[in-house]
Amino acid sequence: MDLTQEKIDLISKIIKNDRKYPNNEDLYDDFFNETCKRSVAILGTIESETTLEPYLKRVATTAIINVLKDSGRLRRTKSGYMSTKEVVMPTTEDTVDYSSVVIDYASIKIPETPEEVVIQKEILQFVAKTIRQIDNNEPDKDYLHIYTLRYDKGMTQKEISEELGISQGEISKRLYTLMDKVKNTIE
């Protein structure tokens, strides 16, 4: 199946907007090829633009992570993925002069008002309450446990599936369904 220019442009845009793309521009062709390889079979079946872009974002993110892991630039840690670029620590023979170091705090986003802090806290509480309600309504789906393992403990879907004895595809489906239900509740 041939990709239309529109889909090629969409894939390219998604890759370039991914947060792991900066400083890895030299791997763009690998990112693009892996994304296309993973998505070409399903692209012809998705007709809705509202469904296509989120699907391609997930595929591109997975493709980028796999290319970075394969190229040795990324490794999995308990808290997520981490760059493998080594930081050389100065030895005792080297002296480092920190007097010229300037820290720019302007780039740090700190809520400006107490109201913003309260709003952020209320949003987080609402999301947590919504997830608990969804889990209570469908306890057999184990949404809260899966959410906790994935987002609080940083486990991969594969690790969660092994722990719970459920297929990885089912874990992915339940996480997507949960996020969709939370999103619908917010709207």
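Is Lys-13 buried, partly exposed or exposed, and what is its relative accessible area? I looked that up to get going: Lys-13 is partly exposed, with a relative accessible area of 40%. Note to self before going further: this is a predicted model.

**Entry 1: the Lys-13 salt bridge**

I followed Lys-13 to its partner, and Glu-53 forms a salt bridge with it, with the closest N and O atoms 3.4 Å apart. The two ends come from distant parts of the chain, since I find Glu-53 in helix 3 (residues 49–70) and Lys-13 in helix 1 (residues 5–17), 40 residues apart. Glu-53 counts as partly exposed because its relative accessibility is 25%. I then checked for further partners and got a network of salt bridges that links Lys-13, Glu-53 and Lys-57.

**Entry 2: other salt bridges**

How many salt bridges does a search of the whole structure find? I get six. Side chains of opposite charge can pair when their charged atoms come close.

I looked at Glu-138 and Lys-181 next, whose side chains meet in a salt bridge at 2.2 Å, N to O. Glu-138 lies in the loop between helix 4 (114–137) and helix 5, and Lys-181 lies in helix 7 (residues 168–186), so this pair ties together parts that are 43 residues apart in sequence. On accessibility, I have Glu-138 as partly exposed with a relative accessible area of 22%, and Lys-181 as partly exposed at 27%.

Then I turned to a pair within one helix. Glu-34 and Lys-37 meet through their side chains in a salt bridge of 3.3 Å, N to O. Both lie in helix 2, three residues apart, which is about one turn of the helix. An α-helix has 3.6 residues a turn, so residues three or four places apart point the same way. Even so, I file the two under opposite headings: Glu-34 is buried, with a relative accessible area of 16%, while Lys-37 counts as exposed at 60% relative accessibility. The cut-offs are under 20% for buried and over 50% for exposed, so neither label is in doubt by that rule.

**Entry 3: helix 2**

Where does helix 2 bend, and by about how many degrees? I find the bend at Lys-37, about 35 degrees. So Lys-37 goes in my notes twice, once for the bend and once for the salt bridge with Glu-34.

I listed the buried residues of helix 2: Tyr-28, Phe-31, Phe-32, Glu-34, Thr-35, Cys-36, Ser-39 and Leu-43. What covers them includes helix 1 and helix 3.

**Entry 4: Ser-39**

I picked Ser-39 from that list, which sits in helix 2 (residues 28–43). It counts as buried because its relative accessibility is 0%. What does Ser-39 contact, leaving aside its neighbours within four places in sequence? I get Ile-11, Tyr-55, Leu-56 and Val-59. For Ile-11, 28 residues from Ser-39 along the chain, I have a C-alpha separation of 9.9 Å. I also checked where the Ser-39 side chain goes: it reaches the backbone oxygen of Thr-35 at 2.8 Å.

**Entry 5: rings**

I searched the whole structure for aromatic pairs and found four. One of them is Tyr-21 with Tyr-28, an edge-to-face pair at 6.3 Å centre to centre with 85 degrees between the planes. Tyr-21 counts as buried because its relative accessibility is 11%. Ring pairs also gather Tyr-21, Tyr-28, Phe-31 and Phe-32 into a cluster. I looked over the face of Tyr-28 too, and Lys-16 lies there, 5.3 Å from the ring centre.

Next, another pair from the search. Tyr-147 and Tyr-151 have ring centres 5.0 Å apart and planes at 45 degrees, so the pair is tilted. Both lie in helix 5 (residues 143–152), four residues apart, about one turn of the helix. I have Tyr-147 as partly exposed at 23% relative accessibility, and Tyr-151 as partly exposed with a relative accessible area of 44%.

What sits over the ring of Tyr-151? I find the charged end of Arg-150, 5.7 Å from the ring centre.

Definitions and conventions. Residues numbered from 1 in each chain as written. Predicted model: local features only at pLDDT ≥ 70, side-chain atom pairs only at ≥ 80, totals over all residues. Heavy atoms only, no water. Buried < 20%, exposed > 50% of the residue type's maximum accessible area, 1.4 Å probe, protein only. Contact = heavy atoms within 4.5 Å. Polar contact = N/O pair within 3.5 Å; in protein donor to acceptor, adjacent residues only side chain to side chain. Phe/Tyr/Trp six-rings, centres within 6.5 Å; stacked < 30°, edge-to-face > 60°. Lys NZ or Arg CZ within 6 Å of the ring centre and 35° of its normal. Salt bridge = Lys/Arg side-chain N within 4 Å of Asp/Glu carboxyl O. Bend = angle between axes of the 7 residues up to and from the residue.
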